[in-house]
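Work through the exercises below with the sequence and the 3D structure at hand. Try each task before reading its solution.

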Amino acid sequence: MRVIRALLSGTPRRPAQDSVLAVVSDLVWAHTAPSHGLEHLRARASDDGMDIYLFLRAPSEDAALDQAHAILANARRPLGSHGYYPTALRR
């Protein structure tokens with residue numbers, strides 16, 4: 001299991017509430033294929049937007065980063081409609 005932290009920035013009107021965190025989590029799940037190896041995710045509000053921790057089934061850190069990029073690329077437009085944009089991935 002590999003964990004990748006995705007940083008989402010944006011211009012939310014106020015700190016993300018539980019309902020917004022749930023919607024963003026649902027959007028990520030809805031745009032993730034089984035081949036991406038996503039096992040679990042956790043969303044947390046941050047000062048600049050939101051952090052999403054992606055728990056991925058992957059053979060290496062590089063593979064996990066590739067999978068995380070694919071997940072966020074698929075979810076980019078729906079996340080953007082809620083004011084959040086993926087800006088960085090960290091191990």
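**Exercise 1.** State how many helices and strands the chain has, and give their order.

*Solution.* Step 1: the chain has 2 helices and 4 strands, where helices (H or I, at least four residues) and strands (E, at least two) are DSSP runs numbered from the N terminus. Step 2: read from the N terminus, the order is β-α-β-β-α-β.

The model is predicted: local features need pLDDT of at least 70, side-chain atom pairs count only at pLDDT 80 or more, and totals for chains, interfaces and linings use all residues. Residues are numbered from 1 along each chain as its sequence is written, and side-chain values use heavy atoms, with hydrogens and water left out.

**Exercise 2.** Describe the sheet and find its edge strands.

*Solution.* Step 1: the 4 strands form an open sheet in the order 2-3-1-4, with antiparallel pairing; two strands pair if DSSP finds at least two bridges between them. Step 2: strand 2 and strand 4 each have a single partner strand, so they stand at the edges and one side of each lacks a neighbour in the sheet. Step 3: look at one pair. Strand 2 and strand 3 are joined by 8 bridges, and Ala43 stands opposite Ile52 in strand 3.

**Exercise 3.** Which residues of the largest nonpolar core touch the most other members, and which helix gives the most to this core?

*Solution.* Step 1: a nonpolar core is a set of buried Ala, Val, Leu, Ile, Met, Phe, Trp, Tyr and Cys residues joined through side-chain atoms within 4.5 Å. Buried means under 20% relative accessible area, exposed over 50%, partly exposed in between (1.4 Å probe, protein chains only). Step 2: the largest core has 25 residues, and Val28, Met50, Ile52, Leu54, Leu56 and Leu79 touch the most other members. Step 3: helix 2 gives the most to this core, 8 residues. Step 4: take Leu54 as an example. Not counting residues up to four places away in sequence, Leu54 touches Val28, Leu38 and Ala68, among others; contact means heavy atoms within 4.5 Å.

**Exercise 4.** Is Thr32 buried or exposed, and what does its side chain reach?

*Solution.* Step 1: Thr32 is in the loop between helix 1 and strand 2. Step 2: Thr32 counts as buried because its relative accessibility is 15%. Step 3: the Thr32 side chain reaches the backbone oxygen of Val28 at 2.6 Å. Step 4: leaving aside neighbours within four places in sequence, Thr32 is in contact with Leu38 and Ile71.

Key
A polar contact is a pair of N or O atoms within 3.5 Å; within protein, one must be able to donate a hydrogen and the other to accept it, and residues adjacent in sequence count only if both atoms are side-chain atoms.
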